[in-house]
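Student: I would like to learn how to read a structure feature by feature, beginning with charged pairs and moving on to the interior and the strands. Could we go through one together?

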Amino acid sequence: MPETTLTLEERVTRLEDIHEIGQLRARYCQALDDGRWEDLADTFTEDGAFVGLSTARGRAEMLEFFPQLNSSTVTSWWHFSSNETVELDGDTAAGTTWLLQPCVVDGESQIAAGRYEDTMVRTAHGWRFQERRVSFFFWSSLESGWDAARFSFPPAVDAADARTVERLG
């Protein structure tokens, strides 16, 4: 429905939903960076999925996947997101968020950039991710430099951003 045909109450509700979705995305990044795994899992629905470097579906898999990734290979990371879009359709929403991620992999300073494709639903506890899919434009060591589709972190190759790879031919 075009925004101009919405009532004032519907427009305010829409703005509140967009704001809450922005807060959900921020809570995800902050919980991930702080290692608050329960809080991170709580940003998803019970059967929600993180897809990218691997797939973790449901709370139990997320509570296993993220701490293991953080303690074994990627020992430090910081997620900065921007350029957020969201399309609302009642109790569902979809959108894209761009990602800049300085990190440390096996003791080496690296930087990654990519995008999240989000599918979200309204639950009794507020908006939650049904699926958060990450793809990477690049993931490179600072020493070797970065460029589109350059990957120093092998698991990121499987999550290469298809549009970036296509553009490069």
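**Reading the features one by one**

Tutor: The structure holds 12 salt bridges, and we should keep in mind from the start that this is a predicted model.

Student: Which residue forms a salt bridge with D17, and how far apart are the closest N and O atoms?

Tutor: The general idea is to look for a side-chain nitrogen of Lys or Arg within 4 Å of a carboxyl oxygen of Asp or Glu. Here the partner of D17 is R122, and their closest N and O atoms are 2.9 Å apart. This pair links distant parts of the chain, with R122 in strand β7 and D17 in helix α1, 105 residues apart.

Student: Is D17 buried or exposed, and what does it touch beyond its sequence neighbours?

Tutor: A residue counts as buried when its relative accessible area is under 20%. D17 has a relative accessible area of 8%, and therefore it is buried. Its place is in helix α1, which covers residues 8-34, and, leaving aside residues up to four places away in sequence, D17 touches L88, R122 and W127. R122, by contrast, is partly exposed, with a relative accessible area of 33%.

Student: With which other residue do the side chains of R122 meet in a salt bridge?

Tutor: The side chains of R122 and D91 meet in a salt bridge as well, at 2.6 Å from N to O. This pair, too, links distant parts of the chain: R122 lies in strand β7, while D91 lies in the loop between β5 (87-89) and β6, 31 residues apart. D91 is partly exposed, with a relative accessible area of 45%.

Student: Which residues are linked in a network of salt bridges?

Tutor: R25, E84, D118 and R132 are linked in such a network. For a further pair, look at R36 and D39, whose side chains meet in a salt bridge at 2.7 Å, N to O; R36 counts as partly exposed at 33% relative accessibility, and D39 counts as partly exposed at 39%.

Student: Now for the interior: which residues of the largest nonpolar core touch the most other members?

Tutor: In soluble globular proteins, nonpolar side chains tend to be buried together. In this structure the largest nonpolar core has 34 residues, of which Y28, F66, F136 and W139 touch the most other members. At least two residues of this core come from each of α1, α2 (37-41), β1 (44-51), α3 (58-72), β3 (74-77), β6 (92-105), β7 (108-123) and β8 (126-141). Helix α1 gives the most to this core, with six residues.

Student: What does Y28 touch?

Tutor: When residues up to four places away in sequence are not counted, Y28 touches L40, T43, F44, F50, F66, Y116, F129 and R132.

Student: Where is I111 placed, and is it buried or exposed?

Tutor: I111 has its place in strand β7 and is buried, with a relative accessible area of 17%. Among the residues that I111 touches, not counting those up to four places away in sequence, are L100, F138, W139 and W146. The C-alpha atoms of I111 and F138 are separated by 8.0 Å, and these two residues are 27 apart along the chain.

Student: How should I read the pairing of strands, and how many bridges join β1 to β8?

Tutor: One asks which strands share bridges and in which direction they run. Four bridges join β1 to β8, and these strands run parallel; the bridge partner of A49 in β8 is E131. Three bridges join β1 to strand β2 (residues 55-57), and here the strands run antiparallel, with A56 in β2 as the bridge partner of F50. A hairpin through three residues joins β1 to β2. Strand β1 is mostly covered, six of its eight residues being buried.

Student: Finally, which residues form a nonpolar patch on the surface?

Tutor: W78, F80 and L100 form such a patch, with about 310 Å² of accessible area together. One of them, F80, has its place in strand β4 (residues 80-82) and is partly exposed, with a relative accessible area of 49%.

Terms used. Residues are numbered from 1 along each chain as its sequence is written. This is a predicted model: local features need pLDDT of at least 70, side-chain atom pairs count only at pLDDT 80 or more; totals for chains, interfaces and linings use all residues. Side-chain values use heavy atoms; hydrogens and water are left out. Buried means under 20% relative accessible area, exposed over 50%, partly exposed in between (1.4 Å probe, protein chains only). Contact means heavy atoms within 4.5 Å. Patches are made of residues with over 30% relative accessible area and no salt bridge: like charges are joined within 9 Å, nonpolar side chains (Val, Leu, Ile, Met, Phe, Trp, Tyr) within 5 Å. Accessible areas come from the Shrake-Rupley method with a 1.4 Å probe; for residues, only the protein chains shown count as cover. A nonpolar core is a set of buried Ala, Val, Leu, Ile, Met, Phe, Trp, Tyr and Cys residues joined through side-chain atoms within 4.5 Å. Two strands pair if DSSP finds at least two bridges between them.
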